[in-house]
Amino acid sequence: MKKLLRGLALAGTIAVVAPATAQDGKSTFSAEDVFDLEYADAPRISPDGRSILFVRRSNDIMTDRTEGAIWIVPTAGGEPRLVVDRASRAEWSPDGKRIAYTGRDDGGRAAIYLRWMDSGQVQQVASLDHGAGSLAWSPDGRSIAFTADVDAEVKPLAKMPKQPEGAAWSPKVKVIDHAIFRRDGAGYLDPAFEHVFVVPANGGTPRQLTSGNFQHNGPLSWSRDGRALFFSANRSEDWELQTVESDVFEIDIASGALRQVTTADGAESNPQLSPDGTRIAFVCMPNVKRPVWQVDICVKDRAGGATRNLTTTLDREVGDIRWGGNRAIYFTFDDRGMKNIGRVSLDGRVDTVAEGLGGTSLGRPYTSGTYDVSDSGVLAWTAGTSDRPADLAVRSGGRTRQLTALNEDLLAYRTLGEVHELTYASSFDGTEIQGWYVTPPGFDPARKYPLILEIHGGPHSAYGPHFSAEIQRYAAEGYVVFYDNHRGSTSYGEDFALLLQNKYSSEEDAADHLSGVDAMIAKGFIDEKNLFVTGGSAGGIATAYLVGLTDRFNAAAAAKPVINWLSKSLTADSYIFQTYHQFPAMPWEDPMHYWKRSPLSLVGNVSTPTMLMTGEEDHRTPISESEQFYQALKLRGIDTVLVRVPGSSHGIASRPSRLIAKTENILAWFARYRTDKTDTDETGESE
């Protein structure tokens with residue numbers, strides 16, 4: 001293990017030390033501990049409400065992957081039991097006697113499986129060229145619908161001469177003519193389109209229902225008579241260039257006849273048929289030239305008529321909608337850094353029914369979490385806290401209980417940093433900003449501690465008081481860590497999110513961060529001579545922009561940043577969305593606006609030692625962005641280092657060892673510039 005972690009260290013010069021011991025005799029959170037973290041995800045309540053399936057996710061040190069396994073636990077409480085290893089996406093059959101789930105067959109192909117819950121017998125339902133998504137049982141339990149990619153026929157542009165038998169020619173060229181031709185995490189795409197299928201539950205040949213070169217999206221919802229399916233899609237000819245546009249469709253299972261259910265401008269998606277089959281609920285949102293917009297729940301009668309928006313009084317974005325009986329719809333929404341479960345009646349009355357979802361984002365403290373609700377009102381969700389990743393919680397019969405304790409074998413024996421809330425006024429315009437700070441184990445308010453400012457990505461996303469492996473590692477090394485939901489963050493309403501419209505990064509969000517640092521210093525336990533800043537993605541942009549505005553930080557670490565919007569906007573997979581929604585004009589129409597938002601425009605001011613870290617296969621913020629800043633700093637003689645993450649896309653912490661590599665390299669970089677520590681040798685190891 002030590003050899004593995006040493007190999008991940010900064011340029012081979014910094015080693016990970018053994019876990020430190022806190023004043024209470026417990027160890028602090030170490031890099032090795034990342035491999036022992038687990039969390040609950042994707043609960044599914046049985047039709048009789050007595051049991052809950054969930055996915056138990058854990059990190060495998062040998063494969064360096066986060067693996068999933070399906071477990072079951074009684075709703076009334078009891079010992080969780082393993083159902084299927086190395087599997088996910090389980091769905092109950094209507095009678096509760098079987099489950100369907102996805103996995104890999106012995107040959108490594110994607111497959112759908114069925115398991116009988118009484119005997120444990122497993123049957124392969126179908127083997128597929130591409131993975132299956134959005135599994136949905138028919139009401140009679142005889143069929144399973146799903147979505148899967150279908151490769152499109154590609155005709156060569158030019159006719160090549162015949163290759164002689166046995167000749168070793170170069171691979172064939174690939175001709176691209178689609179607007180969407182690459183995706184971060186997948187690379188350059190072979191043309192394929194997502195379609196809706198149905199397959200007999202007892203096994204057979206999947207039958208493709210949809211056609212055309214369009215993306216047909218789940219989740220899928222059956223009509224109560226089992227004769228039709230509902231899904232969402234954008235079937236316009238120029239769909240690739242339409243960013244927020246889709247409609248709900250109904251397809252006849254027997255004939256394949258297609259009926260368009262919604263026609264409004266914007267996106268209607270996630271269709272859910274009411275239990276009695278009379279109404280369709282769906283997520284609805286406008287197509288506006290803005291980076292954020294209101295996301296609501298709409299409903300209409302299946303027989304036709306007007307669409308009604310049920311959540312116009314809720315100034316929050318909704319998601320993951322589910323019927324709870326025929327008269328109410330459940331959903332998730334983020335509020336002030338917390339994910340909650342809401343419920344709206346058909347007359348538009350909104351209630352909050354559960355708070356504290358979270359814990360399914362291990363790396364950084366983003367809002368997260370999943371849930372399920374039964375027709376009888378049983379509610380299950382992933383419950384995270386500031387010191388634990390997600391466990392499974394349930395509310396039944398008016399009682400709420402926690403059903404799992406997945407990390408007590410580890411975290412009960414660790415002293416963790418404590419999370420505290422902080423609100424303050426931005427020096428830019430007095431806007432209230434909410435943030436949190438984490439104090440290190442053994443914290444003494446009479447002492448002075450170095451401070452790390454950690455900036456979230458997005459920028460239209462949100463942090464909260466949630467467990468974070470990265471933040472806990474920083475705290476374990478003696479830092480106070482501060483993070484905020486600056487202007488533009490979600491979970492505070494549309495107006496607050498739009499404060500960054502057409503201006504990211506800017507002096508305005510920088511003021512939010514610096515005001516937070518000032519508020520922390522005012523508490524009296526921050527060492528003003530040891531301030532550091534880091535962030536990833538949009539947080540990396542903010543970090544690089546910030547060091548162009550101020551020299552108050554000892555060192556900075558910008559992970560996967562955008563450095564030059566003029567180059568990034570037309571070299572990343574997100575170019576269609578970003579040029580339309582995040583900027584007032586195209587880059588060739590208003591190049592100076594793009595340049596003003598770019599950290600590279602301020603590089604001449606930078607004196608802060610700055611680390612750049614990006615995945616070598618990042619198609620969202622290509623590594624060429626980091627290289628521009630690195631080379632500019634080299635030309636200026638500023639201390640800098642470029643950390644390349646081999647094989648990684650934008651999610652540089654998506655594998656356990658990469659998460660460790662990220663935090664340990666940042667800690668190593670900051671250690672070089674800390675002035676409060678003299679007891680380390682040149683490798684960073686404690687003497």
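Student: How much space lies in the largest cavity?
Tutor: About 60 Å³. Keep in mind that this is a predicted model.

Student: Ok. How many cavities of 30 Å³ or more does the structure hold?
Tutor: Two. The second largest has a volume of about 30 Å³.

Student: Back to the largest one, what lines it?
Tutor: You'll find P291, P459 and H460 there, then L500, Q501, N502, K503 and Y504, plus Q582 and F583.

Student: And by class, what does that lining have?
Tutor: Five nonpolar residues, four polar ones and one charged.

Student: Which residues line the second largest cavity?
Tutor: P365, V419, V438, H466, S468, I471, Q472 and Y483. By class that lining has five nonpolar and three polar residues, with no charged ones.

Student: Let's do peptide bonds. What is the peptide bond from G458 to P459, cis or trans?
Tutor: That one is cis, with omega near 0°. P459 sits in the loop between β35 (449–455) and α3 (469–476), and P459 is also one of the residues lining the largest cavity.

Student: What about the bond that joins Y504 and S505?
Tutor: Also a cis peptide bond, and omega there is about -5°. Y504 is in the lining of the largest cavity too.

Student: Where is S505 placed?
Tutor: In the loop between α4 (494–497) and α5.

Student: Speaking of α5, what does that helix give to the largest nonpolar core?
Tutor: First, the core itself: it has 71 residues, and M520, F629 and F670 touch the most other members. Helix α5 (residues 507–521) supplies the largest share of this core, six residues.

Student: What is F629 in contact with, leaving aside its neighbours within four places in sequence?
Tutor: A544, I563, P599, L600, V603, V606, T610 and L612.

Student: What about a second core, how many residues does that have?
Tutor: There's a separate one of 20 residues, and among them are A281, M285, I297 and F333.

Student: Switching to aromatics. How many aromatic pairs does a search of the whole structure find?
Tutor: It finds 21. One of the pairs is Y492 with F496, which is tilted: the rings are 5.1 Å centre to centre, with 50° between the planes.

Student: Are those two buried or exposed?
Tutor: Y492 is buried, because its relative accessible area of 14% falls under the 20% cut-off. F496 is buried as well, with 12%.

Student: Which residues form an aromatic cluster with W436?
Tutor: Y366, Y463 and Y483 join W436 in one cluster. You've met Y483 already, in the lining of the second largest cavity.

Student: Last topic, backbone angles. What is the phi of D320?
Tutor: D320 has a positive phi of about 50°, although it is not a glycine. D320 is found in strand β24 (residues 318–323).

Student: Why does D320 count as partly exposed?
Tutor: Because its relative accessible area is 27%, and partly exposed is the class between 20% and 50%.

Student: And S537, what's the phi there?
Tutor: Positive again, about 60°, and S537 is not a glycine either. S537 lies in the loop between β37 (526–536) and α6 (538–546).

Student: Is S537 buried or exposed?
Tutor: Buried, since S537 has 16% relative accessibility and the limit is under 20%.

Methods. Residues are numbered from 1 along each chain as its sequence is written. This is a predicted model: local features need pLDDT of at least 70, side-chain atom pairs count only at pLDDT 80 or more; totals for chains, interfaces and linings use all residues. Side-chain values use heavy atoms; hydrogens and water are left out. On a 1 Å grid over the protein atoms alone, a cavity is a set of points where a 1.4 Å probe fits but cannot get out, and a pocket is an open set with protein on both sides within 12 Å along at least five of seven lines; lining residues have an atom within 4 Å of a point. Grid points are joined across faces, edges and corners, and a volume is the space filled by probe spheres set on the points. Ala, Val, Leu, Ile, Met, Phe, Trp, Tyr, Cys and Pro count as nonpolar, Asp, Glu, Lys and Arg as charged, and the others, Gly among them, as polar. A nonpolar core is a set of buried Ala, Val, Leu, Ile, Met, Phe, Trp, Tyr and Cys residues joined through side-chain atoms within 4.5 Å. Buried means under 20% relative accessible area, exposed over 50%, partly exposed in between (1.4 Å probe, protein chains only). Helices (H or I, at least four residues) and strands (E, at least two) are DSSP runs, numbered from the N terminus. Contact means heavy atoms within 4.5 Å. Rings of Phe, Tyr and Trp (its six-membered ring) pair if their centres lie within 6.5 Å; planes under 30 degrees apart count as stacked, over 60 as edge-to-face and the rest as tilted.
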